[in-house]
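Work through these exercises with the structure open beside you. Try each task before you read its solution.

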Amino acid sequence: VQLQASGGGLVQAGDSLRLSCAASGVPGGTFSRYGLGWFRQAPGKERECVAATSRSGGSLYYADSVKNRFSISRDNAKKTVYLQMNSLEPEDTAVYFCAAKDQILTAGVMSLASQYYHWGQGTLVTVSS
């Protein structure tokens with residue numbers, strides 16, 4: 001499984017961006033079996049989960065810092081997961097990574113990087129003040 005993240009860029013504070021992460025190498029009809037997450041890593045900081053979704057979408061996780069601003073969604077037919085980011089702040093500046101796990105991803109652990117088996121290459125988001 002390969003994950004390709006895209007959609008990053010340079011924006012101003014208050015702007016919006018939508019990140020996409022397309023999966024390849026996933027047998028037809030099985031993308032829905034994957035739990036999915038978006039992580040970010042800023043310079044000098046640890047990687048943190050900003051949003052995650054269970055396979056069904058019934059369980060969602062958002063970091064406190066992005067609640068009510070970011071939204072994760074998935075399109076199983078397109079084998080793609082999205083991260084809609086609104087009201088961006090300079091503190092959101094980071095490299096954003098998508099991740100996937102082709103097993104059950106429960107609410108209690110979906111924010112842990114160690115839970116994910118597949119990672120994308122990252123896309124840089126820079127928010128200027």
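A residue counts as buried when its relative accessible area is under 20%, as exposed when it is over 50%, and as partly exposed in between. Asp92, at 1%, is therefore buried. Keep in mind that this is a predicted model.

**Exercise 1. The disulfide**

Task: Find which cysteines are joined by a disulfide, and state which parts of the chain the pair ties together.

Solution:
- Step 1. Recall the bond. A disulfide is a covalent bond between the sulfur atoms of two cysteines.
- Step 2. Search the whole structure. The search gives one disulfide.
- Step 3. Name the pair. Cys21 is joined to Cys98, with 2.0 Å from S to S.
- Step 4. Place both ends. Cys21 lies in strand S3 (residues 17-24), and Cys98 lies in strand S9 (residues 94-101), so the disulfide ties together parts that are 77 residues apart in sequence.
- Step 5. Read the torsion. About the S-S bond of Cys21 and Cys98 it is about 60°, so this disulfide is right-handed.
- Step 6. Check the surroundings. Cys21 and Cys98 are buried.

**Exercise 2. Another cysteine**

Task: Explain why Cys49 does not bond to the closest cysteine sulfur.

Solution:
- Step 1. Find the closest cysteine sulfur. For Cys49, it belongs to Cys98.
- Step 2. Take the distance. The two sulfurs are 12 Å apart.
- Step 3. Compare with the cut-off. A disulfide needs sulfur atoms within 2.5 Å. The sulfur of Cys49 is therefore too far away for a bond.
- Step 4. Add the exposure. Cys49 has a relative accessible area of 4%, so this residue is buried.

**Exercise 3. Salt bridges**

Task: Describe three salt bridges, and decide for each partner whether it is buried, partly exposed or exposed.

Solution:
- Step 1. Recall the principle. Side chains of opposite charge can pair when their charged atoms come close.
- Step 2. Count them. The whole structure holds five salt bridges.
- Step 3. Take Glu48 and Arg40. Their side chains meet at 2.7 Å, N to O. Glu48 is partly exposed at 32%. Arg40 is buried at 6%.
- Step 4. Take Lys67 and Asp64. Their closest N and O atoms are 3.1 Å apart. Lys67 is partly exposed, with 43% relative accessible area. Asp64 is exposed, with 66%.
- Step 5. Take Arg69 and Asp92. Their salt bridge spans 2.8 Å, N to O. This pair links distant parts of the chain, 23 residues apart. Arg69 sits in the loop between strand S6 (60-62) and strand S7 (70-75), while Asp92 sits in the loop between strand S8 (80-85) and S9. Arg69 is buried at 10%, and Asp92 is buried at 1%.
- Step 6. Join the pieces. Arg40, Glu48, Arg69, Glu89 and Asp92 form a network of salt bridges.

**Exercise 4. The sheet**

Task: Give the strand order of the open four-stranded sheet, and find which strands are its edges.

Solution:
- Step 1. Recall how strands pair. They do so through backbone hydrogen bonds, either parallel or antiparallel.
- Step 2. Read the order. The sheet runs S1-S3-S8-S7, with antiparallel pairing.
- Step 3. Find the edges. S1 and S7 each pair on one side only, which makes them the edge strands.
- Step 4. Add the twist. From one strand to the next, it averages 15°.
- Step 5. Look at one pairing. S3 and S8 are joined by six bridges. Within S8, Val81 is the bridge partner of Cys21.
- Step 6. Look at Ser20, which is in strand S3. Ser20 is buried at 17%. Beyond its neighbours within four places in sequence, Ser20 has contacts that include Gln4, Trp38, Thr80 and Val81.

**Exercise 5. The nonpolar cores**

Task: Find which residues have the most contacts inside the largest nonpolar core, and which strands supply it.

Solution:
- Step 1. Start from a general tendency. In soluble globular proteins, nonpolar side chains tend to be buried together.
- Step 2. Take the largest core. It has 30 residues, and those with the most contacts inside it are Trp38, Leu83, Met85 and Tyr96.
- Step 3. Trace the strands. Those supplying at least two residues each include strand S4 (35-41), strand S5 (48-53) and strand S11 (123-128).
- Step 4. Look beyond this core. Another core, of seven residues, lies apart from it, with Phe39, Ala52, Ala99 and Met110 among its members.

Conventions: Residues are numbered from 1 along each chain as its sequence is written. This is a predicted model: local features need pLDDT of at least 70, side-chain atom pairs count only at pLDDT 80 or more; totals for chains, interfaces and linings use all residues. Side-chain values use heavy atoms; hydrogens and water are left out. Buried means under 20% relative accessible area, exposed over 50%, partly exposed in between (1.4 Å probe, protein chains only). Contact means heavy atoms within 4.5 Å. A salt bridge is a side-chain nitrogen of Lys or Arg within 4 Å of a carboxyl oxygen of Asp or Glu. A nonpolar core is a set of buried Ala, Val, Leu, Ile, Met, Phe, Trp, Tyr and Cys residues joined through side-chain atoms within 4.5 Å. Two strands pair if DSSP finds at least two bridges between them. Axes are lines fitted to C-alpha atoms, for helices over the stretch in contact, and angles run from 0 to 180 degrees between N-to-C directions.
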